[in-house]
Amino acid sequence: MVTALARSVRSLALKIASYGMMHLVVAMLVAFAITRDWRMALAIGLVEPFFQTIAYSIHDRIWHRIEHRRRRSGMEETAEAFTARLDLMNADEQARAHGHHGHSHALPSLKKIAVKTVTYGIMHFVVAVSVAFAITQDIRVALTVGVIEPLVQMVFFAIHDRIWTGREARRATTRTA
């Protein structure tokens, strides 16, 4: 049990570290492609992920508080119970989280996911533009970095996540074998 927990923590730490390194390298390469200056690219690549991490934690806390308030207000719960009574949810959806045929809290609504994703994208854009402008003092370069860097990061995030999902799946099959 302790060994499995240690492996899990180690794996998570490696995944986070590899994502941080990937973010740093991608930010530097994008900044270099735009500025053609290694010093600025290095500065943007080192500073931008640092501030993105801080901004992400603030964004995540704000969303956590929003979700917590919604749970306290009971509005979401009432809406789910109402749709379950109108048979808009099938039995599998109703039983997903609680193991019974009541309402489900297993998945957030698509609207909520979309709003959270859009607000994260806006936050990422603002931080990337701010950092790039603070370093380059050029609004055109800053806006270009702010648009391109988050888009490239999304592609590399998907690749990184796919690699780690495959790695975890291979480890799970070797453990069961």
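# Notebook: core, pocket and single residues

**Entry 1, nonpolar core.** I looked up the largest nonpolar core and found that it has 9 residues in all: A31, F32, A41, I44, V129, A132, V141, A142 and V145. The model I am reading is predicted. I then asked which helices supply the core, and noted that helix 1, helix 2, helix 5 and helix 6 each give at least two residues to it. Helix 6 has the largest share of this core, with 3 residues. As background, I note that nonpolar side chains tend to be buried together in soluble globular proteins.

**Entry 2, A41.** I picked A41 from the list of core residues. What does A41 touch once its neighbours within four places in sequence are left aside? I found M28, A31, F32 and T35 in contact with A41. Of these, A31 and F32 are also listed in the core.

**Entry 3, the fold as a whole.** I counted helices and strands next, and the protein has 6 helices and 0 strands. Along the sequence I read the pattern as α-α-α-α-α-α. The chain has 177 residues, and 27% of them count as buried. I also checked contacts with a separation of 6 or more: residues 24 or more positions apart account for 62% of these. For the surface, I noted about 12300 Å² exposed by the protein, with 68% of it supplied by carbon and sulfur atoms.

**Entry 4, largest pocket.** I turned to empty space, which shows up when a probe the size of a water molecule is rolled over the atoms. I read a volume of about 830 Å³ for the largest pocket. Its lining is made of 24 residues, and Y19, H23, Y56, Y120 and F157 lie nearest the centre. Sorted by class, the lining has 12 nonpolar, 10 polar and 2 charged residues.

Which helices each supply at least two residues of this lining? I wrote down helix 1 (2–35), helix 2 (38–73), helix 5 (110–136) and helix 6 (139–176). Helix 6 brings the largest share of the lining, 9 residues. Helix 6 had also brought the largest share of the nonpolar core.

**Entry 5, H160.** I placed H160 in helix 6. Is H160 buried or exposed? H160 counts as buried because its relative accessibility is 9%, under the 20% cut-off. Not counting residues up to four places away in sequence, I found that H160 touches K15, S18, Y19 and M22. One of these, Y19, is also among the residues nearest the centre of the largest pocket.

**Entry 6, I148.** I placed I148 in helix 6 as well. I148 has a relative accessible area of 36%, so I entered this residue as partly exposed. With residues up to four places away in sequence left out, I148 touches V30 and I34. I also looked up I148 and A27, which are 121 residues apart along the chain, and the separation of their C-alpha atoms is 9.7 Å.

**Entry 7, L46.** I placed L46 in helix 2. L46 is partly exposed because its relative accessible area is 48%, and the cut-off for exposed is over 50%. How far apart in space are L46 and M28, C-alpha to C-alpha? I read 7.7 Å for this pair, which is 18 residues apart in sequence. M28 had already come up in Entry 2 as a contact of A41.

Conventions: Residues numbered from 1 in each chain as written. Predicted model: local features only at pLDDT ≥ 70, side-chain atom pairs only at ≥ 80, totals over all residues. Heavy atoms only, no water. 1 Å grid on protein atoms, 1.4 Å probe; cavity = no way out; pocket = protein on both sides within 12 Å on 5 of 7 lines; lining within 4 Å. Points joined across faces, edges and corners; volume = space filled by probe spheres on them. Helix = DSSP H or I, 4+ residues; strand = E, 2+ residues; numbered from the N terminus. Nonpolar A, V, L, I, M, F, W, Y, C, P; charged D, E, K, R; others polar. Core = buried A, V, L, I, M, F, W, Y, C linked by side-chain atoms within 4.5 Å. Buried < 20%, exposed > 50% of the residue type's maximum accessible area, 1.4 Å probe, protein only. Contact = heavy atoms within 4.5 Å. Areas by Shrake-Rupley, 256 points an atom, 1.4 Å probe, with all protein chains shown as cover.
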